[in-house]
Amino acid sequence: MWYVQDSKFFEKEKKSTQTMYPKLKYYIENGLVNLRGELDFSASFENQEIYDTYFILIIFPKDYPATVPLAFEISDKIPDDYHKNPDKSLCIAPPLELIRKFSSNPCILNYINNLLIPYLYRYSFIQKFGKAPFEEYSHGALGLIEYYYEFLGIDSLPTLGKLLLIVLEKTYRGHLMCPCGSNNRLRDCHGPKLKILSELPIQQLKFDFINISKYLEENIKKNKGVNDESKRIIYSKG
């Protein structure tokens, strides 16, 4: 277990958490570390500060910090239909964005401060002011498409399919022309973003690709305007 194999790191995690969030306590149950209790926080966006408290359970995976923790709100303050996964864990961000932000500094304070609290802040803001302070991605595959569009700076399903296939098939060649139609070579266009994606877990990228493909298939069947080119690109490699 990670907390045994790297006991110094575990002690460092406990100390940093206790210093900043003293009402959160560590427990080890059935071989898994979890962190639970009251999370008091203050956060602001565009000078609008929110103070709030949530009862939180954070479960550390067995291979932490290689894998991102799961967070649950355990007092039913947040309804199940607000950005939660099927297992009722909090849907904090699209999976690859979650991995990317956490892996930049894989520690519990990074997870709480830069991932969990922005999620809680947004919900508290909505409850207080009746509107969202900033947009969030849609649920499911549509949210994945929105995420990749924003991350890659594109708005085309065929382009998305072509770029993702470069990473999945490991066919990146910087001297080739970028498939986005910019007439620039890949290394001078979307290449740097693709390299970031290539450094993240390939299984998650494959999973996202499959979910996007299923979403497109459903919309094609419903005649919602996904064109033949989108279908050809996304399904070109099965």
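Let me begin with isoleucine 196, which, once its neighbours within four places in sequence are set aside, is in contact with Arg100 and Phe151. This residue is found in helix α7, which covers residues 191-198, and with a relative accessibility of 31% isoleucine 196 counts as partly exposed. If we take serine 89 as a reference point, the two residues are 107 apart in sequence, and their C-alpha atoms are 26 Å apart in space. I should say at once that what we are looking at is a predicted model, and I will come back to its confidence towards the end.

Let me now step back to the chain as a whole. It has nine helices and four strands, and if you follow the elements from the N terminus on, the order is α-α-β-β-β-β-α-α-α-α-α-α-α. The C-alpha atoms fill a box of roughly 55 × 45 × 35 Å, taken along the principal axes. There are 238 residues in the chain, of which 43% count as buried. Looking at contacts between residues at least 6 apart in sequence, we find that 51% of them join residues at least 24 apart. The accessible surface comes to about 13300 Å², and carbon and sulfur atoms account for 51% of that area. As for charge, the chain carries 31 positive and 29 negative charges, and the mean positions of these two sets are 5 Å apart.

With that frame in place, let me turn to threonine 17, which lies in helix α2, residues 7-20. Is this residue buried or exposed? Threonine 17 counts as buried, because its relative accessibility is 0%. What is it in contact with, leaving aside the neighbours within four places in sequence? For threonine 17 the partners are Pro22, Leu24, Tyr26, Leu35, Ile108 and Leu109.

Next, the backbone, where a few loop residues deserve a careful look. Asparagine 30 sits in the loop between β1, residues 24-29, and β2, residues 32-45, and its phi is near 55°, a positive value in a residue other than glycine. Asparagine 30 is also exposed, with a relative accessible area of 81%. Lysine 88, which belongs to the loop between β4 and α3, the latter covering residues 95-103, likewise is not a glycine and has a positive phi, here of about 75°. At 46% relative accessibility, lysine 88 counts as partly exposed.

The loop between β4 and α3 is also the place of serine 75, a residue that is partly exposed, with a relative accessible area of 37%. How far is serine 75 from phenylalanine 55, which is 20 residues away along the chain? The C-alpha atoms of serine 75 and phenylalanine 55 are separated by 5.9 Å. Then there is the loop between β3, residues 48-59, and β4, which holds proline 65. The peptide bond that leads from tyrosine 64 to proline 65 is cis, with omega near 5°.

Let me move on to the cysteines. How many disulfides does a search of the whole structure find? The search finds zero disulfides. Cysteine 180 is in no disulfide, and the nearest cysteine sulfur, that of cysteine 189, is 3.5 Å away. The reverse holds for cysteine 189, which is in no disulfide and has the sulfur of cysteine 180 as its nearest cysteine sulfur, 3.5 Å away. The cut-off matters here, because a pair of cysteine sulfur atoms has to be within 2.5 Å to count as a disulfide. In terms of accessibility, cysteine 180 is partly exposed at 25%, and cysteine 189 is partly exposed, also with a value of 25%.

Finally, as promised, the confidence. The mean pLDDT of the chain is 89, and 92% of its residues reach 70 or more. Where is confidence lowest, and where is it highest? Confidence is lowest in helix α9, residues 228-235, with a mean of 45, and highest in strand β4, residues 70-73, at 98. Over residues 225-238 the pLDDT is below 50, and this stretch nevertheless has 25 contacts in the model beyond near neighbours in sequence. Where pLDDT is low, the predicted coordinates should not be read in detail. With that caution on residues 225-238, where the pLDDT is below 50, I will stop here and take your questions.

Key: Residues are numbered from 1 along each chain as its sequence is written. This is a predicted model: local features need pLDDT of at least 70, side-chain atom pairs count only at pLDDT 80 or more; totals for chains, interfaces and linings use all residues. Side-chain values use heavy atoms; hydrogens and water are left out. Buried means under 20% relative accessible area, exposed over 50%, partly exposed in between (1.4 Å probe, protein chains only). Helices (H or I, at least four residues) and strands (E, at least two) are DSSP runs, numbered from the N terminus. Contact means heavy atoms within 4.5 Å. Accessible areas come from the Shrake-Rupley method with a 1.4 Å probe; for residues, only the protein chains shown count as cover. Lys and Arg count as positive and Asp and Glu as negative; His and the chain ends are not counted. The place of a charge is taken as NZ of Lys, CZ of Arg, CG of Asp or CD of Glu. pLDDT is the predictor's confidence in each residue, from 0 to 100.
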